There are 4 protein chains.
Amino acid sequence: MSRPVDDRKKALWAGRFQEEVDRDVQQFTRSVDLDRRLAPYDLAGTRVHVRMLSRQGILSASDLQRILKALDQIDEEIQRNEFPWRDELEDVHMNIEARLHELCGDAGRSVHAGRSRNDQVAVDLKLFCLEAASEWSRLAHRLQAALVERAEPLVEQVFPGWTHLQAAQPLSWAHYLLAWVEMMERDRERIAAYLKIHSVSPLGAGALAGSTLALDPEKVAEELGFQRAFRNSYDVVGDRDFALELSQIAVQIMLHLSRFSEDLIYLSSTAVGWIELPDSLCTGSSMMPQKKNPDVLELVRGKTASVIGHNAALTTLLKGIPTSYHRDLQQDKSHLFPTVDAVASSLAIFHAAVRGFRIDAKAVEADLQRGHLTATDLAEYLVSVGVPFREAHEKVGKLVGLAIARDVGLAELTVDEIRSVEPRCREDVISVLDPQGSLQRRKHAGAAGILPVRRQLEFWRRRLDGEGGEEKG
Amino acid sequence: MSRPVDDRKKALWAGRFQEEVDRDVQQFTRSVDLDRRLAPYDLAGTRVHVRMLSRQGILSASDLQRILKALDQIDEEIQRNEFPWRDELEDVHMNIEARLHELCGDAGRSVHAGRSRNDQVAVDLKLFCLEAASEWSRLAHRLQAALVERAEPLVEQVFPGWTHLQAAQPLSWAHYLLAWVEMMERDRERIAAYLKIHSVSPLGAGALAGSTLALDPEKVAEELGFQRAFRNSYDVVGDRDFALELSQIAVQIMLHLSRFSEDLIYLSSTAVGWIELPDSLCTGSSMMPQKKNPDVLELVRGKTASVIGHNAALTTLLKGIPTSYHRDLQQDKSHLFPTVDAVASSLAIFHAAVRGFRIDAKAVEADLQRGHLTATDLAEYLVSVGVPFREAHEKVGKLVGLAIARDVGLAELTVDEIRSVEPRCREDVISVLDPQGSLQRRKHAGAAGILPVRRQLEFWRRRLDGEGGEEKG
Amino acid sequence: MSRPVDDRKKALWAGRFQEEVDRDVQQFTRSVDLDRRLAPYDLAGTRVHVRMLSRQGILSASDLQRILKALDQIDEEIQRNEFPWRDELEDVHMNIEARLHELCGDAGRSVHAGRSRNDQVAVDLKLFCLEAASEWSRLAHRLQAALVERAEPLVEQVFPGWTHLQAAQPLSWAHYLLAWVEMMERDRERIAAYLKIHSVSPLGAGALAGSTLALDPEKVAEELGFQRAFRNSYDVVGDRDFALELSQIAVQIMLHLSRFSEDLIYLSSTAVGWIELPDSLCTGSSMMPQKKNPDVLELVRGKTASVIGHNAALTTLLKGIPTSYHRDLQQDKSHLFPTVDAVASSLAIFHAAVRGFRIDAKAVEADLQRGHLTATDLAEYLVSVGVPFREAHEKVGKLVGLAIARDVGLAELTVDEIRSVEPRCREDVISVLDPQGSLQRRKHAGAAGILPVRRQLEFWRRRLDGEGGEEKG
Amino acid sequence: MSRPVDDRKKALWAGRFQEEVDRDVQQFTRSVDLDRRLAPYDLAGTRVHVRMLSRQGILSASDLQRILKALDQIDEEIQRNEFPWRDELEDVHMNIEARLHELCGDAGRSVHAGRSRNDQVAVDLKLFCLEAASEWSRLAHRLQAALVERAEPLVEQVFPGWTHLQAAQPLSWAHYLLAWVEMMERDRERIAAYLKIHSVSPLGAGALAGSTLALDPEKVAEELGFQRAFRNSYDVVGDRDFALELSQIAVQIMLHLSRFSEDLIYLSSTAVGWIELPDSLCTGSSMMPQKKNPDVLELVRGKTASVIGHNAALTTLLKGIPTSYHRDLQQDKSHLFPTVDAVASSLAIFHAAVRGFRIDAKAVEADLQRGHLTATDLAEYLVSVGVPFREAHEKVGKLVGLAIARDVGLAELTVDEIRSVEPRCREDVISVLDPQGSLQRRKHAGAAGILPVRRQLEFWRRRLDGEGGEEKG
């Protein structure tokens with residue numbers, strides 16, 4: 001399996017090695033096909049690192065200039081897809097360093113002073129994660145705005161709300177949609193906290209112990225846009241909390257989108273039909289000519305499962321190692337990258353879904369008569385005329401039984417029938433059985449009625465506008 | 001399977017039902033053996049709810065007094081383990097309400113006006129989660145203090161630091177232990193953010209739509225110690241983000257403790273022997289008389305796996321449902337409760353472990369000679385005399401090869417041998433090969449050397465004291 | 001934390017220990033509240049072990065008799081709930097051995113010769129797992145029988161089959177239910193393979209190396225009902241493949257039940273209403289008097305999430321350890337036990353669900369007109385008159401578009417309308433648009449039509465009867 | 001977002017659609033970059049399908065010939081990497097069908113008669129999974145052979161066996177390695193069962209209901225090498241049990257390899273040093289010139305975490321859907337493919353690791369003196385002279401305490417010291433304290449001693465040869 005080391009092809013770290021690494025092993029260990037995605041962050045980190053080395057007298061001014069120029073060239077090569085990526089150089093870091101050697105000789109060979117791939121990959125990956133989180137927040141904000149826009153004209157329209165998928169109580173359609181805005185808001189609050197906690201630069205921590213050279217990690221942190229530098233080198237080279245937490249936030253966001261998807265798939269299923277999805281979000285069947293399937297939403301659900309699996313992988317990865325850096329960590333990228341893409345694309349596609357679905361008012365109207373939606377209104381009416389709630393609940397239960405026996409809706413019972421069960425009812429009892437009226441009667445803050453929903457809308461318009469402005473600022 | 005409803009035994013919600021619930025079904029659906037743990041929160045919520053009902057004119061002053069008195073009695077019964085829990089009443093909520101009926105008749109039958117088990121269990125569980133998070137933070141703080149205390153006298157003692165479990169560079173033992181303090185700090189920062197985001201009361205949201213009664217959710221929130229009340233009733237009855245995030249934080253904390261455990265198990269393994277665990281944290285073998293096993297630390301590792309599994313369960317649970325409340329959610333408690341206990345007990349046991357382990361200085365000293373720990377110091381020395389880093393790395397690699405061939409440590413090479421590879425070395429090159437000296441030479445902020453470690457200790461003493469005081473205040 | 005060892009309370013393994021185990025540590029490490037469930041298997045293993053010791057001359061005949069008698073007494077004490085379980089004795093094994101000491105003095109102190117808790121817990125847990133798997137198989141078989149019974153009278157009744165929850169093609173209701181029988185069959189095939197692979201006794205493997213005493217593991221295996229004894233002692237003390245695979249089988253079974261539950265919850269949702277669940281499988285709402293919720297099925301879905309989480313825990317547990325026994329493994333029971341119970345109770349409850357749900361033929365009939373269920377029949381008809389399938393598919397797609405524009409079902413188009421798109425159609429084209437007729441036309445093996453469904457039923461009647469008989473034998 | 005359908009670019013299923021699918025949606029839903037890997041299976045399935053159509057009179061002989069020729073061409077195009085893959089055609093199936101249209105016009109347009117992408121992807125993926133499982137079995141067999149080969153000369157060499165990473169008892173090194181052979185054997189037994197259970201062809205099940213055309217699924221199954229065809233069309237289109245079980249088997253295999261890796265990483269760690277890995281399986285550090293890290297083994301551990309995560313994804317995917325096909329399932333491939341590759345490459349790399357690691361006999365020898373490895377031998381000796389085991393355990397525990405106090409090994413105690421604790425000891429007691437002798441004394445089947453290990457080796461030589469032969473046959 002082993003061959004004597006061939007000097008032309010050997011790895012940058014191979015000074016002490018007697019045998020060349022086997023090709024199968026090279027294949028097994030390389031990550032450059034994946035981690036090249038980190039190149040922009042790697043270049044940014046290297047620029048800041050060499051400027052610091054120069055300021056600290058470890059690198060000459062002329063070497064610095066040569067290196068910066070070469071980094072610019074590498075940047076362009078990568079963007080133009082002309083960079084000569086080589087598998088045998090293992091990863092993005094070694095590829096870029098080797099290219100620096102080619103482009104500026106000894107100067108290039110000085111760039112890694114006071115640095116290890118351990119702190120280098122940590123800073124690259126952290127910059128990537130922080131940027132991804134910010135992008136998710138922007139997309140979630142855009143989705144919130146679209147939801148508020150859709151909700152505006154739907155305040156007085158009745159959504160036959162369910163629990164357990166059984167008809168429960170009438171909601172305002174706007175209330176239903178604004179619940180999604182709340183969930184997105186919690187997602188954004190978590191992201192905001194995340195961006196603060198992990199704004200710590202690991203560059204300068206070296207392999208695990210920092211350096212005997214006079215590095216200046218604080219200045220490096222500042223130039224890279226972090227709030228501060230690491231306090232403990234050993235901690236940060238093995239730290240992937242920022243990756244794990246990003247993945248956990250992804251799980252929460254995707255769970256929200258998955259639950260929305262579940263709703264929309266249910267609501268647009270042939271047998272329910274309260275909404276219709278736009279053709280542009282559906283695909284057909286290769287065999288059944290009539291099919292129009294909610295594939296996009298099913299894929300959101302499916303990608304949620306994927307993100308959950310990637311989170312499990314990351315968690316298990318970290319579970320399996322002692323402190324400090326271990327090569328197991330290389331696998332983190334193959335789970336983080338698809339996670340980041342799944343969340344971003346799902347938030348974007350959902351924006352289209354929210355704007356595009358059509359409510360079939362006729363179908364909804366027809367189902368308002370099913371499931372005795374105002375039974376609780378009736379029980380609360382009984383409370384208002386002096387019946388203890390638990391007794392009111394039982395009596396309405398009996399009335400519902402009566403309605404079922406007669407195969408009608410609760411709203412179709414007569415005053416006499418109702419009074420036969422609870423004589424304290426007044427004539428006006430009938431009025432509480434109308435689902436539309438139910439929206440009028442729910443007035444306290446946060447309830448599903450017209451008044452509190454208007455207040456919610458007002459709140460969100462202000463909040464989202466404020467933040468939109470903030471983002472531009 | 002079904003029997004006609006027997007009035008004496010029927011459920012509080014059974015008004016409309018024709019058949020009695022089957023005993024097997026009762027067994028399958030009941031949760032009271034588990035959720036009775038929520039009783040203190042359920043009582044707190046009920047007290048605040050009925051006071052609000054009374055203020056709003058929905059409950060008479062005399063009924064309120066009767067109910068409050070009965071709640072006190074129930075509280076005592078539960079604490080004395082004399083409460084008559086009944087499986088057939090399904091859950092903690094129904095058990096307490098039924099007992100109220102017994103203790104104060106019609107007054108008790110009024111308590112559930114404007115409330116559903118949906119918002120009730122949401123508020124109970126949220127209070128439980130917020131309290132658990134606070135407790136974890138306190139325990140993590142105590143662990144940090146113990147680590148700092150242990151680190152104090154170890155600043156100048158050399159820990160032969162590893163990456164990949166291969167000898168890497170000399171650290172200060174104090175630096176090694178302070179890395180753990182950093183991890184605990186991130187955990188505590190996450191908890192602080194968590195406590196803010198989820199300080200939202202769901203009580204008043206009812207089943208999903210709020211109530212037609214004139215509830216006052218804001219006042220209820222205030223009395224329960226929340227920062228605010230829900231904005232959207234539909235959102236909060238199905239929201240378990242607070243449960244999921246608590247479980248995700250638990251995963252992060254346990255991963256930290258698991259990685260520490262992995263270290264300590266390795267370090268105390270017979271073949272390594274750098275540390276010894278106190279007898280009080282070990283157990284023996286039923287067959288092998290000489291064994292002293294690090295069971296406690298292995299169980300921390302094992303409980304980490306359990307917490308990860310419970311997190312997977314919670315995540316999958318939420319993945320499988322549409323918006324709003326579904327009974328699937330009942331399972332959340334069987335995963336949250338053991339999670340909360342595992343984290344709290346592991347933080348506590350780790351406090352004992354940190355204070356109790358003994359360093360075998362002789363064994364560590366012996367291993368300082370293995371693994372050429374100061375190779376990087378030598379490479380950085382070469383940089384200081386003008387060798388580009390990559391070339392310095394290669395040359396030291398060759399010297400290491402030389403040492404291996406001679407079966408000695410790098411530190412045992414002579415100046416002449418070193419100069420034969422790199423003539424630019426001065427006589428003083430030998431001095432950089434001493435691991436102890438390495439701690440002197442690492443001076444920049446965050447590095448593993450004596451100077452920056454003293455600064456870390458100073459930082460933590462101030463930070464932890466400040467917070468300790470805060471907690472008492 | 002540590003106290004000098006108090007001889008009266010010390011653990012059976014404590015010979016070499018200087019300090020007593022701390023009470024918190026005892027609390028943290030004990031497992032007896034959980035693993036006492038293994039007592040019947042532990043007693044069985046001990047009986048066989050001591051008989052072997054006696055045959056091999058390691059235990060006297062009189063000691064053997066004393067021990068066997070004491071084991072009978074312990075068995076009774078446990079069954080009568082009178083056994084003096086003690087937390088400070090850690091686990092079920094130590095509790096039983098200590099009780100043996102009490103009951104028969106020195107004889108009891110000989111029982112553990114040639115045995116370790118490592119092989120003891122392995123054999124206990126394996127016997128438990130094999131028994132659980134057999135029980136699942138029996139319950140799955142019973143469920144299959146119930147499904148076949150329900151399917152019998154439903155062969156000619158049309159189920160408007162879906163993919164993506166969109167109307168797809170007409171199936172026989174019997175075909176739909178028999179799909180579930182297939183899934184259960186795969187589950188049972190896996191269990192059968194499982195029972196063979198893991199029928200290997202670990203007793204005699206000791207702590208890891210077997211014994212220097214003249215044990216007879218093969219005879220022990222035979223008496224315990226295993227197919228053979230271990231071949232390699234080191235392998236079996238750390239082996240939990242049998243636990244992991246049981247948990248993986250549980251995941252598969254529960255996924256099947258969860259998908260069925262999802263179907264039934266959807267089909268019984270207020271807006272769909274094709275089926276109605278019996279009252280006995282539903283529960284109500286504490287607030288909404290009209291509710292009848294499919295809680296039992298939702299709990300099956302929820303317990304599936306739990307089983308998935310427990311599987312994740314077990315997997316992570318095994319991921320985190322080297323070969324051989326480590327205490328982490330103690331956690332396996334807290335995930336296996338609820339898994340075993342969840343599967344058994346869900347299979348039992350599903351038996352009731354399958355027998356109890358009622359089909360609302362009127363509601364189904366009404367929905368046969370939605371979704372153009374016979375579009376594929378029409379396309380295949382076109383193939384039969386010479387249209388290439390892809391062209392047929394497009395043309396029927398156009399006809400569906402026409403129907404949608406006219407707001408009618410495909411079956412309501414006229415022959416002329418159809419011929420305007422595809423003139424090769426004959427008059428009889430209309431006949432293929434009837435969903436009922438579709439069942440007549442699907443004739444090949446495995447298809448959803450009447451003929452192949454009758455063949456399926458015949459197959460299952462024979463297969464299940466055969467096996468039922470086998471089980472009795 | 002939507003545009004009127006442009007006929008030239010529209011999807012093969014787009015007959016009924018009014019709006020074109022959005023480009024973002026296309027991007028979101030396409031899978032062809034991934035599922036093109038299924039092309040060989042897709043072509044095989046299509047060949048068999050069209051031959052069957054022709055035999056059944058649904059396709060003319062001349063069309064059949066045209067199609068088969070075109071399929072050959074497509075096959076070549078794909079192998080030569082010249083196939084015009086188009087994202088807008090979504091998946092591998094549509095790409096191949098569209099290419100057939102181009103290559104043979106109307107004949108190509110007939111190929112999909114009686115088929116849906118639902119049964120098509122099911123058969124493709126199943127063929128892929130069955131082949132992967134067979135390949136794993138072959139690789140595991142090769143690894144077993146390498147282990148047996150390494151074990152042969154190591155029968156009498158002592159491995160200081162551990163539990164809890166604490167010195168436990170002496171094993172034969174061969175015994176230690178043969179434990180791995182056992183684990184691989186269980187893996188292979190599972191695969192064998194898997195290959196039987198899932199050898200069921202889904203082709204002919206169509207979208208969910210089979211076809212009204214006279215298909216012959218049994219013949220199709222036979223030609224594709226399956227044991228039988230599906231019995232129930234509805235079952236097989238939504239069935240992914242075969243994918244899930246493959247992934248579960250992958251988890252088991254990888255857990256075995258991960259535990260071996262953990263061992264080897266520990267054993268080769270600087271502080272332990274019992275083995276050395278070949279340079280060819282290690283990589284170095286970019287910063288620390290002396291490092292030689294066990295990256296390959298760490299990556300096996302890391303890939304295990306990945307496989308576990310992919311399994312979680314697949315499980316969650318299936319958890320989230322009702323019966324029948326849903327688009328969520330598309331995500332299965334992005335988890336199955338990396339799983340299959342990780343297992344195959346890890347088994348291959350482990351083959352190299354097993355053959356390549358070197359035992360440092362001197363280092364092992366030195367550690368034989370640590371940890372009182374023969375304490376259990378001594379306790380069993382006491383049993384042989386009439387001391388009840390539990391008493392013997394205690395007495396040896398005291399002797400170990402004595403040795404620790406004197407800072408010597410148990411083997412260094414004198415006969416007098418031993419007799420002072422247990423006078424029944426004879427002079428020969430000293431002989432049982434030698435680890436090498438311990439291998440002589442462990443004689444029963446399956447024990448870690450020389451005799452039973454020789455029997456194990458004999459067993460495996462016969463078993464593996466037999467199977468090797470079988471595989472060639």
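A salt bridge here is a side-chain nitrogen of Lys or Arg within 4 Å of a carboxyl oxygen of Asp or Glu. Keep that in mind for the exercises below, and remember that you're working with a predicted model.

**Exercise 1. Check the pair Arg186(D) and Asp239(C): how far apart are the closest N and O atoms?**

Step 1. Start with the cut-off: the nitrogen and the oxygen have to be within 4 Å.

Step 2. Now the distance: the closest N and O atoms of Arg186(D) and Asp239(C) are 3.3 Å apart, and the pair forms a salt bridge.

Step 3. Put the pair in its setting. Between chain D and chain C the count is 14 salt bridges. By class, the side of chain D that touches chain C holds 30 charged, 34 polar and 44 nonpolar residues.

**Exercise 2. Work out the contact between chain D and chain C: how many residues does it involve, and what area is buried?**

Step 1. Count residues: 108 of chain D touch 108 of chain C.

Step 2. Turn to area. The size of an interface is often given as the accessible area lost when the parts come together. For chain D and chain C, that buried area is about 9,300 Å², with 56% coming from carbon and sulfur atoms.

Step 3. Look for the big contributors. On the chain D side, Arg231(D), Arg259(D) and Arg390(D) lose the most area to chain C, and together they make up 10% of what that side buries.

Step 4. Add the polar contacts: there are 59 such residue pairs between chain D and chain C, with both residues at pLDDT 80 or more.

**Exercise 3. Go over to chain B and chain A: how many salt bridges and how many residue pairs in polar contact do you get?**

Step 1. The salt bridge count between chain B and chain A is 14. One to find on screen joins the side chains of Arg186(B) and Asp239(A), at 3.3 Å from N to O.

Step 2. For polar contacts, this interface has 58 residue pairs, both residues at pLDDT 80 or more.

Step 3. Finish with area: chain B and chain A bury about 9,300 Å² between them.

**Exercise 4. Take helix H7 of chain A, residues 173-197: what should its span be, and how far apart are its end C-alpha atoms?**

Step 1. With 25 residues at 1.5 Å a residue, H7(A) should span 36 Å.

Step 2. Its end C-alpha atoms lie 37 Å apart, which agrees.

Step 3. Check the N-terminal end. Ser172(A) caps H7(A) there, with a side-chain oxygen 3.0 Å from the backbone nitrogen of Ala174(A).

Step 4. Last, the surroundings: 21 of the 25 residues of H7(A) are buried, so the helix is largely enclosed by the rest of the structure.

Technical notes
Residues numbered from 1 in each chain as written. Chains lettered and ligands numbered in written order. Predicted model: local features only at pLDDT ≥ 70, side-chain atom pairs only at ≥ 80, totals over all residues. Heavy atoms only, no water. Buried area = accessible area lost by both parts, 1.4 Å probe. Polar contact = N/O pair within 3.5 Å; in protein donor to acceptor, adjacent residues only side chain to side chain. Helix = DSSP H or I, 4+ residues; strand = E, 2+ residues; numbered from the N terminus. Expected span 1.5 Å × (residues − 1). Buried < 20%, exposed > 50% of the residue type's maximum accessible area, 1.4 Å probe, protein only. Contact = heavy atoms within 4.5 Å. Nonpolar A, V, L, I, M, F, W, Y, C, P; charged D, E, K, R; others polar.
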